[in-house]
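Welcome, and please open your viewer. We will go from stop to stop, with something to select at each one.

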Amino acid sequence: MTLLSEYYVPGLHIEDRSIKVPLDWAGHEPGHGFDGESISLFYRVVTAPEHVHDDLPLLVFLQGGPGGSGPRPLSPSSDGWIEEAVKHFRVVLPDQRGTGRSSRVDTHIMNRMDGTQGAAYLKHFLADSIVRDFEHLRRTEFGGARWVTLGQSYGGFLTLTYLSLFPGGVTAGFTTGGIPHVPADATDVYRHTFPRMARKTAQFYKRYPQDVERAAIIADRLAAEPVSLPNGDPLTVERFQMLGSDFGMKPSFERVHWILDDAFLDGDGSASADSELSDEFLAKVMDATASRPLYWPLQEFIYANGELETPIRWAAQRVRDEHPEFDAGERPLNFTGEAMFPWMFEQEAALRPFKPAMDVLMESTHFGTIYDADQLAGNEVPLQAAVYFDDMYVDSGLQLDTLSRVGNSHYWTTNEFEHDGLHGSTVFKHLYTEALNRGDLEELF
């Protein structure tokens, strides 16, 4: 175990650590030696200062994404679940491979590869490899001690992969807004998602009716003449619509409202077809719609389980084409949610180097196995899920359908929170208390 540094942030003790894992897990078993190309897996061990020397059980956080690095806590209360978790656990915060400080993948890496090489490389950054990294970490650096998992969003997808492949490593699992549909099908997911995007847009306009006109004028302006963002990317209507990607969080409606509030340059900033778009507005749109490496490139392939009958072929775009209400020329303008489209890999500098690999991946049918339906049906590891009834990103009906076929699973369905409810002070504490009262954590304490 390589200790890189040890320090405190207010209210938390932090250890930064790193190990090597194989780029390609084929032919290798977690917990054993390996040969061939390796990459770094970076992780932090976080404890409350009063528990630095205590032998508390382990909780590993499975970050959302895909392509999301682990949290960088500012204090216990900066992320509500951490404040509760460090009372009971040593918390392990890995940066999933390719993110954060774990051999990061970005444009510099992709520019070195052609489409075939890039596609093969990106396949190594999906759930089957991520979970093997974590199991290797558990076996080699924590003495094989079983740990509790907490999966937020895509981290819930990783949880079911973990329970499919290495259930013996997990004492209990928690998920928040992240139970995938099994069997997985990207097209089916987006057919459930686009109607929710339209409902979220309607809710936004109902709360801020003045923004119907502001959004329409902005979209008309973008359709009529080229507009560039500060980084040089074109601001098209389609990119403007991606402000809706935030609509499943709180207080996203307010964030988007204030972006639109700064849109027009002249006079008192009232909506005007003749007014220039302000630099502040363009900067805010750029930041709000900025692409994170791996997040969009891997987005649809998190639904690819084993050998596919047909290629994915841009599932979100195909479903969007079935919904004319999302056309860039429709008014009121509908905003889109968490969905990637082919034009992004042509227009955005941060994504263009991924395009050759994406063209190959979209025609591929061979992926690693991430879910074992039979194993999940016979699952014995206690699983407690928070299902957000109005979740824009992960359909609650599909979540409950999957949970009905996962052994020893329990769920709490609520409409009190949006997709990011874990980051408050209530959700993890509620799940933890439920599991504790049920006796699911008995062997830990």
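From which domains does the lining of the largest pocket draw at least three residues each? Colour domain 1 (2-183 + 371-444) and domain 2 (186-366) separately, and you have the answer: each of these two gives at least three residues to that lining. Keep in mind as you look around that this is a predicted model.

**Stop 1: the largest pocket**

Select Asp246, Met249, Arg292, Tyr295 and Tyr393, and centre the view on them. Among the 32 residues that line the largest pocket, these five lie nearest its centre. The space here comes to about 870 Å³.

Next, show helix 9 (252-261) and helix 10 (279-288), then add helix 11 (295-298). Each of these three helices supplies at least two residues of the lining. Which helix gives the most to the lining of the largest pocket? That is helix 9, with 3 residues. If you colour the lining of the largest pocket by residue type, you will find 12 nonpolar, 12 polar and 8 charged residues.

**Stop 2: the second largest pocket**

Now select Lys200, Gln203, Phe247, Asp390 and Glu418. They lie nearest the centre of the second largest pocket, which has 21 lining residues. Helix 6 (186-207) and helix 9 are the elements that give two or more residues to this lining. Highlight helix 6 in particular: the largest share, 5 residues, comes from there.

The volume at this stop is about 410 Å³. Colouring by residue type here gives 6 nonpolar, 4 polar and 11 charged residues. Where does the second largest pocket lie with respect to domain 1 and domain 2? It lies between them, because both domains give residues to its lining.

**Stop 3: Arg221 and its partners**

Go to helix 7 (residues 210-224) and show the side chain of Arg221. Is Arg221 buried or exposed? Arg221 is buried, with a relative accessible area of 12%, which is under the 20% cut-off for that class.

Add Glu225, whose side chain meets that of Arg221 in a salt bridge with an N to O distance of 3.4 Å. Glu225 itself is partly exposed, at 37% relative accessibility.

Now add Glu276, which also forms a salt bridge with Arg221, at 3.3 Å from N to O. Why is this pair worth a look? Glu276 sits in the loop between helix 9 and helix 10, whereas Arg221 is in helix 7, so the pair ties together parts that are 55 residues apart in sequence. Glu276 is partly exposed, with a relative accessibility of 45%.

**Stop 4: more salt bridges**

Select Asp401 and Arg405 next. Their closest N and O atoms are 2.6 Å apart, and the two form a salt bridge. Asp401 is partly exposed at 33% relative accessible area, and Arg405 is partly exposed at 37%.

Then move to Glu29, Glu135, Arg138 and Arg139, which a network of salt bridges links together. How many salt bridges does the count come to? The count is 27.

**Stop 5: an annotated stretch**

Finally, select residues 57-206. UniProt, in an unreviewed entry, lists this range as "domain: AB hydrolase-1". Switch to a cartoon view: over these residues the chain is 44% helix and 15% strand. Place a distance label on the C-alpha atoms at the two ends, and you should find them 47 Å apart.

How values were computed. Residues numbered from 1 in each chain as written. Predicted model: local features only at pLDDT ≥ 70, side-chain atom pairs only at ≥ 80, totals over all residues. Heavy atoms only, no water. Salt bridge = Lys/Arg side-chain N within 4 Å of Asp/Glu carboxyl O. Buried < 20%, exposed > 50% of the residue type's maximum accessible area, 1.4 Å probe, protein only. Helix = DSSP H or I, 4+ residues; strand = E, 2+ residues; numbered from the N terminus. UniProt positions renumbered as here; feature names shortened; annotations may be inferred. 1 Å grid on protein atoms, 1.4 Å probe; cavity = no way out; pocket = protein on both sides within 12 Å on 5 of 7 lines; lining within 4 Å. Points joined across faces, edges and corners; volume = space filled by probe spheres on them. Nonpolar A, V, L, I, M, F, W, Y, C, P; charged D, E, K, R; others polar. Domains from an automatic or database assignment.
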